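Reader: I have a new structure open and I'm not sure how to read it. Could you walk me through it, one feature at a time?

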Amino acid sequence: MQAFEYKVVPAPHKGTKAKGVKGPESRFAYSIETTLNEMAAEGWEYQRAELLPSEERSGLTGSTTKWRNVLVFRRALAAEPAQAATGLSSAAPSVSTPVAAPEVTPQPARAAAPTLTATAGDPEAPEGATPVPGVGAAKMQADDGVEELSPVAGMTAALKARAKLRSSDED
């Protein structure tokens with residue numbers, strides 16, 4: 001399974017002037033294009049844009065919610081080379097230096113014991129069982145990181161509760 005690291009950067013707020021780029025929409029698109037290309041040059045893959053709430057201080061004791069646009073990027077974590085995992089040196093031996101083969105002692109054949117598995121966190125799992133991911137973890141491992149594109153109907157319960165809290169604060 002490949003692991004990723006993520007980077008979140010603020011989305012540009014206004015367009016950037018450039019030669020041949022005219023109009024506010026084109027300048028704004030150019031700003032985003034420049035940001036995406038800079039991140040791609042550093043090895044980051046664009047994932048999505050998000051609009052997220054940010055609680056900020058307002059005055060001495062108050063706070064307000066500002067909505068921020070951010071761009072989400074990811075890149076694969078550098079995997080350890082197979083040689084480093086086995087402890088082999090990356091330097092090749094010179095041709096003039098003979099390398100002695102290690103002696104191998106034959107082991108008597110044993111019957112292979114069946115590997116026991118159990119769902120991770122199962123209190124009734126037998127001792128020594130190999131934990132396997134549960135249904136939720138398996139779903140997360142199969143996630144390709146692409147945002148679901150199905151439409152959201154209405155406000156979520158969390159947003160309704162937050163709106164109710166904000167309206168009671170203003171009264």
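**Getting the overview**

Author: Let's begin with the parts list: the secondary structure of the protein chain comes to 4 helices and 5 strands. Keep in mind that this is a predicted model.

Reader: In what order do the elements of the protein chain run from the N terminus on?

Author: They go β-α-β-β-α-β-β-α-α. Of the chain's 171 residues, 10% count as buried. As for contacts with a separation of 6 or more, residues 24 or more positions apart account for 50% of them.

Reader: Okay, strands next. In what sense do β2 and β3 pair, and over how many bridges?

Author: β2 and β3 pair in the antiparallel sense, over 13 bridges. Together they form a hairpin with 3 residues between the strands. Look at G59 in that turn: its phi is positive, about 75°. To follow the pairing along β2, find L51, whose bridge partner in β3 is N69.

Reader: How many bridges join β1 to β3?

Author: There are 7, and these two strands run antiparallel. One spot to look at is E5, which has R75 in β3 as its bridge partner. While you're in this area, check R74, which lies over the face of F4, at 3.9 Å from the ring centre.

Reader: Now the rings. How do I describe a pair of aromatic rings?

Author: You give the distance of the centres and the angle of the planes. In this case, a search of the whole structure finds 1 aromatic pair. Its members are Y46 and F73, with 5.8 Å centre to centre and 70° between the planes, which makes the pair edge-to-face. Because Y46 lies in strand β2 (residues 45-58) and F73 in strand β3 (residues 62-76), the pair ties together parts that are 27 residues apart in sequence. F73 is also the bridge partner of Y46 in β3.

Reader: Is F73 buried or exposed?

Author: F73 counts as buried, at 1% relative accessibility. Y46, on the other hand, counts as partly exposed at 37%.

Reader: And the helix? What should the 18 residues of helix α1 span?

Author: Work it out at 1.5 Å a residue: α1 (residues 24-41) should span 26 Å, and its end C-alpha atoms are 26 Å apart, so the two agree. Right after α1 comes G43, whose phi is positive, near 95°.

Reader: Why do residues three or four places apart in an α-helix point the same way?

Author: An α-helix has 3.6 residues a turn, so residues with that spacing point the same way. Now try it on α1, where S31, T35 and M39 are buried. They cover an arc of only 60° around the axis, which means they sit on the same side of α1.

Reader: Which residues are exposed on the other side of α1?

Author: E25 and A41 are exposed there.

Reader: What covers the buried residues of α1?

Author: The cover includes β1 (4-10) and β3. You've met β3 already: β1 is joined to it by 7 bridges, and β2 pairs with it over 13.

Methods:
Residues numbered from 1 in each chain as written. Predicted model: local features only at pLDDT ≥ 70, side-chain atom pairs only at ≥ 80, totals over all residues. Heavy atoms only, no water. Phe/Tyr/Trp six-rings, centres within 6.5 Å; stacked < 30°, edge-to-face > 60°. Buried < 20%, exposed > 50% of the residue type's maximum accessible area, 1.4 Å probe, protein only. Lys NZ or Arg CZ within 6 Å of the ring centre and 35° of its normal. Expected span 1.5 Å × (residues − 1). Arc of directions from axis to C-beta. Contact = heavy atoms within 4.5 Å. Pairing = 2+ DSSP bridges.
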